[in-house]
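Here's a quick briefing to read alongside the model. Have the viewer open and follow along topic by topic.

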Amino acid sequence: MTLQGQRHPLASANEQLRILNSPARSFDESLHNAGRFPLTATGITVFQINVGKLCNQTCGHCHVDAGPDRREIMSRETAELCIAALRGSDIPVVDITGGAPELNPNFRWLVEQSKSLNRRVIDRCNLTVLLLPSQADLAGFLAQHEVEVIASLPYFLAEQTDKQRGAGVFDKSIEALQLLNRHGYGRPGSPLKLNLVYNPAGAFLPPAQHAIEADYHRELERRHGIVFNSLYTITNMPISRFLDFLLRSGNYERYMQKLVNAFNPAAADAVMCRYTISIGWDGKLYDCDFNQMLEIPVAPGVATHIADFHPAGFAARRIVVGQHCYGCTAGMGSSCTGTAVA
């Protein structure tokens with residue numbers, strides 16, 4: 001069964017949580033057994049803004065269930081609240097995601113405002129968005145503002161990439177990477193950082209990050225003349241579209257057991273929710289982008305909306321966890337910047 005996503009009604013957040021609660025060993029139990037319960041924040045160094053679910057692609061592993069027909073888009077008013085909250089903090093990194101974040105009409109304003117506050121800005125890019133006629137100047141804009149690009153490329157061969165992301169996506173992704181290289185991205189000595197993301201095209205864990213990164217460097221340069229900085233391996237989360245794939249393909253129980261068996265206490269120490277705050281397209285606050293998609297709010301006692309955000313209240317908060325958290329703590333761990341454990 002192909003992983004390529006088809007836009008059809010998926011289970012609601014509540015139904016997904018019911019399904020996820022089926023494994024015998026709860027994530028809380030694993031934390032208890034490892035002496036890590038409760039999981040708490042260690043501060044906030046990443047201000048992650050999900051500007052909406054609109055995307056020009058429909059990927060089979062997408063935990064956001066994003067696509068061209070989605071209309072959940074962050075408004076200018078909410079974007080302004082995000083910048084106001086950022087201005088009142090010293091959080092150094094602004095991580096803008098989606099959907100395809102660049103399709104939000106406020107994306108460039110968010111970049112400009114964040115850079116004016118001397119923050120490091122990350123754009124989580126699907127690459128093909130750079131080739132849309134409406135985004136013809138996007139690569140130049142990103143380069144001008146020294147925005148770090150983290151780009152999805154499931155594999156360095158077309159078959160595996162198109163299986164996950166759709167026919168023809170690989171060729172367009174290569175063209176977009178070459179465009180970024182021409183603007184100086186990923187080149188030795190350049191301040192323009194280009195990092196790629198690998199997601200498994202099926203119900204298994206990613207390989208060792210350093211090993212597959214070497215393969216990507218070698219093959220992309222040999223085949224296409226492409227250079228980049230780092231490769232991040234990210235475990236597919238058993239939620240939304242990938243959960244639907246697991247259920248339809250009969251792989252759900254086996255995949256979840258694989259995640260549970262691979263629980264690593266060291267990875268739990270380094271999960272991204274401990275140093276990240278996630279802002280939804282409507283301004284609601286979450287511990288991470290995955291909790292956001294499951295509609296799991298932050299713990300009681302802290303603000304629930306960006307309009308009321310105060311950094312001190314979140315710096316040592318208790319993290320709200322669930323069975324899906326096994327996806328971030330399996331093996332060497334998984335975060336938005338790759339493996340959690342060196």
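Strand β3 (residues 120-125) is mostly tucked away in this predicted model, with 5 of its 6 residues buried. β3 belongs to an open sheet of 8 strands with mixed pairing, in the order β6-β5-β4-β3-β2-β1-β7-β8. The strands at the edges are β6 (230-233) and β8, each of which pairs on one side only.

**Strand pairing in the sheet**

- β3 runs parallel to strand β2 (residues 93-97), and 4 bridges join the two.
- If you want a register marker for that pair, Ile96 sits opposite Asp123 in β3.
- On to strand β1 (residues 46-50): β1 and β2 also run parallel, joined by 5 bridges.
- The marker here is Gln48, which stands opposite Asp95 in β2.

**Cavities**

- How many cavities of 30 Å³ or more does the structure hold? There are 3 of them.
- The largest cavity holds about 570 Å³ of space.
- Its lining takes in 33 residues, and His61, His63, Thr97, Ser152 and Asn199 come closest to the centre.
- β3 turns up again here: β3, β4 and α12 each give at least two residues to the lining of the largest cavity.
- Sorted by class, that lining comes to 14 nonpolar, 15 polar and 4 charged residues.
- The second largest cavity has about 120 Å³ of space.
- Of the 16 residues lining the second largest cavity, the ones closest to its centre are Val271, Cys273, Cys288, Cys325 and Cys328.
- α12 and α14 (326-329) are the elements that contribute two or more residues to the lining of the second largest cavity.
- What classes make up the lining of the second largest cavity? The split is 13 nonpolar, 3 polar and no charged residues.

**Pockets**

- The largest pocket comes in at about 430 Å³.
- It has 22 lining residues, with Ala13, Lys53, Gln292, Met293 and Glu295 nearest the centre.
- The elements giving two or more residues to the lining of the largest pocket are α1 (13-20), β8 (285-286) and α12 (289-293).
- For anyone thinking about polarity, the lining of the largest pocket divides into 9 nonpolar, 7 polar and 6 charged residues.
- Next is the second largest pocket, at about 190 Å³.
- This second largest pocket is lined by 15 residues, and Pro207, Ala208, Gln209, Met332 and Thr339 lie nearest its centre.
- The lining of the second largest pocket has 8 nonpolar residues, 7 polar ones and no charged ones.

**Helix α6 and Thr161**

- Which residues of helix α6 (residues 158-165) are buried? Thr161, Gln164 and Arg165 are.
- Those three span an arc of only 80° around the axis, so they end up on the same side of α6.
- As background, an α-helix has 3.6 residues a turn, so residues three or four places apart point the same way.
- The buried residues of α6 pack against β4 (148-152) and α7 (169-182).
- Right after α6 comes Gly166, with a positive phi near 120°.
- Zooming in on Thr161, which sits in helix α6: its relative accessible area is 0%, so Thr161 counts as buried.
- Setting aside residues up to four places away in sequence, Thr161 touches Leu153, Pro154, Tyr155, Gly166, Val169 and Phe170.
- Thr161 and Asp171 are 10 residues apart along the chain, and 9.5 Å separates them in space, C-alpha to C-alpha.

**Ser240 in helix α9**

- Ser240 is part of helix α9 (residues 240-249).
- Is Ser240 buried or exposed? Its relative accessibility is 8%, and the cut-off for buried is under 20%, so Ser240 counts as buried.
- Apart from neighbours within four places in sequence, the contacts of Ser240 are Leu10, Gln16, Cys62, His63, Val64 and Asp65.
- His63, one of those contacts, is also among the residues closest to the centre of the largest cavity.

Conventions
Residues are numbered from 1 along each chain as its sequence is written. This is a predicted model: local features need pLDDT of at least 70, side-chain atom pairs count only at pLDDT 80 or more; totals for chains, interfaces and linings use all residues. Side-chain values use heavy atoms; hydrogens and water are left out. On a 1 Å grid over the protein atoms alone, a cavity is a set of points where a 1.4 Å probe fits but cannot get out, and a pocket is an open set with protein on both sides within 12 Å along at least five of seven lines; lining residues have an atom within 4 Å of a point. Grid points are joined across faces, edges and corners, and a volume is the space filled by probe spheres set on the points. Ala, Val, Leu, Ile, Met, Phe, Trp, Tyr, Cys and Pro count as nonpolar, Asp, Glu, Lys and Arg as charged, and the others, Gly among them, as polar. Buried means under 20% relative accessible area, exposed over 50%, partly exposed in between (1.4 Å probe, protein chains only). The arc is that of the directions from the helix axis to the C-beta atoms. Contact means heavy atoms within 4.5 Å. Two strands pair if DSSP finds at least two bridges between them.
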